[in-house]
Amino acid sequence: MSWKLWLKSNKTKKINLGFYGEVNAGKTTLANKIGMDWASQEVGEVSEIPHETREIQKLEKVKFVAEGTNLDLTLIDMPGVATSVNPKDFIKFGLSPNEALQRAKEATRGIVEAIKYLENVDVALVVVDATKHPFDQVNFTIIGNLEAQNKPFIIVPNKVDLPDSDAGLVKEAFSDYHVSPISALQGEGIYDLYNMIASLARKVR
Ligand SMILES: Nc1nc2c(ncn2[C@@H]2O[C@H](COP(=O)(O)OP(=O)(O)OP(=O)(O)O)[C@@H](O)[C@H]2O)c(=O)[nH]1
Ligand SMILES: [Mg+2]
């Protein structure tokens, strides 16, 4: 390889990394894990209450290195995607009827924003809750939109630390795609995911 080519191949590449997926899949937990590992900063609030992220959250200038690839990542944590938003689901968690209605309105707006923002994303992580059945309308809608826009993406079965998780089932369901199982909470599988992000990012632009 000539020195010019070598320099070009070692240049830091700017990548917008989008976190997509169903509500509560662990998108923010994963964004925070990556933010802490590479920039000592978190991206957003994690909660067991659905639709915690209702506005797009960004963390810029995350200097990431894997497989000899240098990336300048912008982590873009998206609101969870859902086919419907029911305020009653929030009342179960102790929110007042007014708070629940407000949260539902914000969540609905957030879903539209997340899908619209796809055009600005270079690589997407589709976070899937591995304790749930993977044949979910939300997952297929997200993947369909990513494919329509020719965006590279990785399916990330999350929560593999939980005994009722089944990453194998998710792999089987999405056997045509890149799949990298993790526990965003405990860090299991994270280095394989980092290598896969680097490998997809190298092919961008
Ligand atoms: N056991 C386990 N729990 C997890 C893991 N990742 C996330 N969680 C839990 O799942 C719940 C939802 O996590 P979030 O990171 O807020 O999920 P999200 O996808 O950002 O959710 P929304 O923003 O509401 O769409 C929280 O209670 C997390 O602690 C994991 O790897 N293992
Ligand atoms: Mg979130």
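A residue counts as near a molecule if its C-beta atom, placed from the backbone, lies within 6 Å of it. Keep that in mind as you look at this predicted model. With that cut-off, 23 residues surround ligand 1. Let's start there, then visit helix α4 and one residue in a loop.

**Around ligand 1**
- Of the 23 residues around the ligand, G26, T28, T53, G80 and L185 come nearest.
- Helix α2 (residues 27-39) gives the largest share of this shell, with three residues.
- Sorted by character, the shell holds 11 polar, seven nonpolar and five charged residues.

**Helix α4**
- Helix α4 covers residues 97-116, which makes 20 residues.
- At 1.5 Å a residue, α4 should span 28 Å, and its end C-alpha atoms are 29 Å apart, so the two values agree.
- Which residues of α4 are buried? They are R103, A104, A107, G110, I111 and A114.
- These buried residues cover an arc of only 130° around the axis, so they sit on the same side of α4.
- That buried side packs against β1 (13-21) and α3 (88-91).
- On the face turned away from the buried side, you will find the exposed residues N98, V112 and K116.

**Residue D136**
- Look for D136 in the loop between β4 (123-129) and α5 (137-148).
- Why does D136 count as partly exposed? It has 17 C-beta neighbours inside 10 Å, whereas a buried residue needs 20 or more and an exposed one has 12 or fewer.
- D136 and D166 are 30 residues apart in sequence, and their C-alpha atoms are 15 Å apart in space.

Key: Residues are numbered from 1 along each chain as its sequence is written. Chains are lettered from A and ligands numbered from 1 in the order in which they are written. This is a predicted model: local features need pLDDT of at least 70, side-chain atom pairs count only at pLDDT 80 or more; totals for chains, interfaces and linings use all residues. Helices (H or I, at least four residues) and strands (E, at least two) are DSSP runs, numbered from the N terminus. Ala, Val, Leu, Ile, Met, Phe, Trp, Tyr, Cys and Pro count as nonpolar, Asp, Glu, Lys and Arg as charged, and the others, Gly among them, as polar. The expected span of a helix is 1.5 Å times one less than its number of residues. The arc is that of the directions from the helix axis to the C-beta atoms. Two residues are in contact if their C-beta atoms, placed from the backbone, lie within 7 Å.
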